[in-house]
Amino acid sequence: MRVGDVVRVAGRALLRNKLRSFLTALGIIIGVAAVIAMVAIGEGARARVEQAFASMGTNVLIVSSGAKTAGGAKAGAGTLPTLTWDDLRAIKSDVADVKFVAPRVHTTGQVVAEDRNWLTVIDGTTPEFFEIRNWPMRLGPGLTPEQADSGAKVVVLGQTVAERLFGANSDPTGQIVRIQNVPFQVAGVAERKGQSAGGGDYDDVVFVPVTTFLAKIQGGLQKFIPGTIMIEVDSDEQTTAIADKVAALLRDRHGIAIGGEDDFSIKNLTETASRKEESTQALTMLLASIAAVSLLVGGIGIMNIMLVSVTERTREIGVRVAVGAKRRHILLQFLAEALALSLAGGLMGVALGLLAAERLAVRFGWPMLIRPEVIALAVGFSAAVGIGFGLYPARKASRLDPIMALRYE
Amino acid sequence: MDDAAARPALVEITSVTKTYRMGDVDVHALRGVTLRIGEGEFAAVMGASGSGKSTLMNILGCLDRPSTGEYFLDGAEVSRLDADALAEMRSQTLGFVFQSFNLLARTTALENVELPLVYTGLRPALRRARAKEALERVGLGERLHHHPSQLSGGQQQRVAIARALVNRPRLILADEPTGNLDSHASLEMMALLQQLGDEGMTIVLVTHEPDIAAHARRVILVRDGLIEDDRWTQAPRQAERPAAHVRVAAP
């Protein structure tokens, strides 16, 4: 029997009952579409998380001061200043493979331009901060190391603040804004960074040199950093090792005995990012496996209809056997039918799934991410379902007794 | 008796029995049949229902295997062949005609006739040509693309005969071929079978109607699983040939 004959006979049998064939394939169509859409959702979410963490800076450690204890209740990281400027310098000089170190202190306050004002976050930091956050200037030179050291009254505006104070398409470089009645010259506007993972606006912020911050905006103890230290390390793999080294250094400097509790905390963003990624991956797997169950149900539908078909066509099978068809010819014929059903369903499901994924991507505003492997897997799986569930009916057909089959009414 | 007895044997069965198990009871459908059919014979197997004639037919047609005994078909021992080898036998050596035509519905006459050739792996173009030739031989050259539902019973049965002929078999087995036909179509059918017989085809016809059996040169009577009578007729009844066949048969 020729391949062409097998295909032709199967195609004709399916087209004879178009509605029934379509309804049977529908289970597979929905299953495959669901797998593709679900994986796309998972991937989209993952891409979003990745994006969020990339904008926070990669390979970044954040060191916070310890927690104040009042009557046994811990007040949270940073409430008890323990990090000193000497600690910062020590990290810079003593820990290898550290790329940048920057302090970050912040408060909220009103920023006033000539005729407009805006309540925003005021950050005190050094130029390294912009390196760590991968945050270039859109306009102006930005903070210089000299300004940071000398306590110059200069400010870098976030895009949102620049728009609020000076309008959308203006260049405020060189203009004066007042922060707590102190005039600052605008040294630049930072590039738009967008939304944070938590939904906040990264661009609703201004940056001043940390020295100026402490002298003019929010005074503090001379010795301690009333904020955090941000560290960028050379590569991904090193973050954990460097975090340990920084911890050891700080414990040593703070004189904490072995077994004693840290009076600081280190947040490893790379680790957090990969954990988040793992959890979205788990979500993807979960969604995909739920979708796979519907594929399985679709397969059972195929088996059911193939069994009906075998019964209906008992006489045809008898005739075919009588005129010389061998068992494998009959087996092949019904297997081809099941395969054609599931493959056609699979392809239609791919089309439907892509459509759904695109809609969802537009709806949730994330990139449409469909890897070709997913499509290949879904189609392959539906073909496997067709063969798997078609095998039993096909075997049943091929083992019919021709004498009985010819007499079957 | 007849020169047919001297012809080389196409079918030779010896002491064939067939026992079915139905629930707890053994049914002895055939109790030891010995039969020899020579090449080119036109034989009718007669018997009432339950006589065992259908079982005999199934064994002759390689659809079933005898419980005991031997069956040589065209010189080959087939009584112990497996399912695939029997299928091969049916494909190469046998042609079937059934009482209820058993054509595939919603399939053209041409494609119905092509069906046996599909399982021989013959090239489609060649298949088509042979099917067309077979349909012309039974006088349906004008109806190649009709579906069974568009054909009369007699025409449907002629399509079935074309299907039986298309693989150029050594033996045609016709199981009550006139059972579903009116008397006129029945006579046409017998004329066609007689014509094939005259052309040298070996035909075994199963029927319970003496009128139909009378068209064969040899009538074998089966009763209770045994051959009761085996008679030769020098001058079998001649069915009148319809004009169409005369035209086809004419050179």
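Colleague: Why is I242(A) called buried?

Modeller: In this predicted model, I242(A) has 24 other C-beta atoms within 10 Å, and because a residue counts as buried once 20 or more lie within that distance, I242(A) is placed in the buried class. The residue lies in helix α8 of chain A, which runs over residues 239-254.

Colleague: What does I242(A) touch, not counting residues up to four places away in sequence?

Modeller: The residues in contact with I242(A) are L61(A), V95(A), D97(A), V98(A) and V233(A), where contact asks for C-beta atoms within 7 Å. T173(A), by comparison, is 69 residues from I242(A) along the chain, and the two C-alpha atoms are separated by 38 Å.

Colleague: Which residues of helix α7 in chain A are buried, and what do they pack against?

Modeller: In α7(A), residues 210-217, the buried residues are V210(A), T212(A), F213(A) and L214(A). They pack against β3 (98-112), β4 (117-125), α5 (145-150) and β9 (205-209) of chain A.

Colleague: How do you know whether the overall form of chain A agrees with that of a compact globule?

Modeller: The value to set against the rule is the radius of gyration, which would be near 22 Å for a compact globule of 409 residues, whereas chain A has 33 Å. The C-alpha trace of chain A spans about 105 × 55 × 40 Å along its principal axes, and the chain is built with 13 helices and eleven strands. Buried residues make up 41% of chain A.

Colleague: And what makes you say that chain B agrees with the rule?

Modeller: A compact globule of 251 residues would have a radius of gyration near 18 Å, and chain B has 18 Å, so the value and the rule agree. Along its principal axes, the C-alpha trace of chain B spans about 50 × 40 × 35 Å. Chain B has eight helices and ten strands, and 47% of its residues count as buried.

Colleague: Why are α5(B) and α6(B) called roughly parallel?

Modeller: Helix α5 of chain B (residues 153-165) and helix α6 of chain B (residues 183-198) pack at an angle of about 20°, with their axes 9 Å apart, and because angles under 35 degrees count as roughly parallel, the two helices are given that name. The contact is made by G153(B), G154(B), Q157(B), R158(B) and I161(B) on α5(B), and by A185(B), E188(B), M189(B) and L192(B) on α6(B). By class, the residues of this contact divide into four nonpolar, three polar and two charged.

Colleague: At what angle do α9(A) and α11(A) cross, and which residues make their contact?

Modeller: The axes of α9(A), residues 269-312, and α11(A) cross at roughly 145° and come within 11 Å, and the crossing is right-handed. From α9(A) the contact takes G298(A), I302(A), M306(A) and V310(A), while α11(A) gives F334(A), E337(A), A338(A), L341(A), S342(A) and G345(A). Six of these residues are nonpolar, three are polar and one is charged.

Colleague: What makes up the side of chain A that touches chain B?

Modeller: In chain A, 19 residues are in contact with 19 residues of chain B. The elements of chain A that give two or more residues to this side are α1 (3-16), α10 (314-322), α11 (327-364) and α13 (402-407), and the largest share, six residues, comes from α10(A). This side of chain A has nine nonpolar, two polar and eight charged residues.

Colleague: What is the phi of C62(B), and why is this residue called buried?

Modeller: C62(B) has a positive phi of about 60° although it is not a glycine. Most residues other than glycine have a negative phi. C62(B) is placed in the loop between α1 (53-60) and β4 (68-73) of chain B, and it has 27 C-beta neighbours inside 10 Å, against a cut-off of 20 or more, so C62(B) counts as buried.

Colleague: Why, then, is D224(B) called partly exposed?

Modeller: D224(B) has 14 C-beta neighbours inside 10 Å, and because exposed residues have 12 or fewer and buried ones 20 or more, D224(B) falls in between and counts as partly exposed. Its place is in the loop between β9 (218-223) and β10 (226-232) of chain B, and its phi is near 50°, a positive value in a residue other than glycine.

Terms used: Residues numbered from 1 in each chain as written. Chains lettered and ligands numbered in written order. Predicted model: local features only at pLDDT ≥ 70, side-chain atom pairs only at ≥ 80, totals over all residues. Helix = DSSP H or I, 4+ residues; strand = E, 2+ residues; numbered from the N terminus. Rg over C-alpha atoms; globule rule 2.2 N^0.38 Å. Axes fitted to C-alpha atoms, helices over the stretch in contact; angles between N-to-C directions. Parallel < 35°, antiparallel > 145°, perpendicular 65-115°, else oblique. Contact = placed C-beta atoms within 7 Å. Nonpolar A, V, L, I, M, F, W, Y, C, P; charged D, E, K, R; others polar. Left-handed = near helix turned anticlockwise from the far one by under 90°.
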